[in-house]
Amino acid sequence: MSYKLLVLAIGLVQLIRSAECGRNLTELRAANYPPDFLMDLFKNESAVCHNETYVSEETIVRFRDDEDFDGTPELGCYLFCIFREKNFWINSRNELHLTKALEIVPVDFEQQALKMGLKCLKVKGDDNCARALWYHNCWKKSSPAHYFLI
């Protein structure tokens, strides 16, 4: 009887642990996703924005891979910095220039990126950092298999 109780207790602990963090989104992505050339497109901006915002690599990885993690204010400022450095931000409207952002998307990913973008047009947030984070949260939720953060 005590063996069955021990097995049940271990099962409950594992269930509670799995509930504490969201689904690992890496399981949804292809092994070669994102392609290296896509990573290279943001390498310089990523370095600049890491130095400017001091966001941790752990925060970036957790946001990218944990379905339930909505990010931090520092992450939002890092994301805004990347938009700004890529000239994807419209300062007068405090929002992403979606057309400019889509220009760098590879042809074979265009339709998926457009679908993700169209689901995320009504930006929310009190400042540019919060708005940048809102876009990324929206994209991650609209297509977790295709979302990736550099």
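In this predicted model, C129 is a buried residue, its relative accessible area being 16%, which falls under the 20% limit that defines the buried class. Its sulfur is bonded to that of C77 in a disulfide with the two sulfur atoms 2.2 Å apart. Because C77 belongs to helix 5 while C129 belongs to helix 8, which spans residues 128-142, this bond ties together parts of the chain separated by 52 residues in sequence. The partner is classed otherwise with respect to solvent: C77 has a relative accessibility of 27% and therefore counts as partly exposed. The torsion about the S-S bond of C77 and C129 is about 105°, so this disulfide is right-handed.

The C77 to C129 bond belongs to a set of three disulfides found when the whole structure is searched. When the bonded cysteines are counted along the chain, the connectivity reads 1-3, 2-5, 4-6. The geometry of the set is given below.

| Disulfide | S to S distance | S-S torsion | Handedness |
|---|---|---|---|
| C49 and C81 | 2.1 Å | about -80° | left-handed |
| C77 and C129 | 2.2 Å | about 105° | right-handed |
| C120 and C138 | 2.0 Å | about -90° | left-handed |

A disulfide also joins C49 to C81. This pair links distant parts of the chain, with C49 in helix 3 (residues 43-53) and C81 in helix 5 (residues 73-85), 32 residues apart. Both ends of this bond are shielded, since C49 is buried and C81 is buried as well.

The remaining pair to describe is C120 and C138, which form a disulfide. C120 sits in the loop between helix 7 (110-118) and helix 8, whereas C138 is part of helix 8 itself, so the bond ties together parts that lie 18 residues apart in sequence. C120 and C138 are both buried.

Beyond the cysteines, which residues does S143, in the segment after helix 8, contact when its neighbours within four places in sequence are left aside? The contacts are with Q112 and M116. With Q112 there is, in addition, a polar contact of 2.9 Å between the side chains. S143 is itself buried, because its relative accessible area is 6%, a value under the 20% limit for that class.

Methods: Residues numbered from 1 in each chain as written. Predicted model: local features only at pLDDT ≥ 70, side-chain atom pairs only at ≥ 80, totals over all residues. Heavy atoms only, no water. Disulfide = S-S within 2.5 Å. Helix = DSSP H or I, 4+ residues; strand = E, 2+ residues; numbered from the N terminus. Buried < 20%, exposed > 50% of the residue type's maximum accessible area, 1.4 Å probe, protein only. Polar contact = N/O pair within 3.5 Å; in protein donor to acceptor, adjacent residues only side chain to side chain. Contact = heavy atoms within 4.5 Å.
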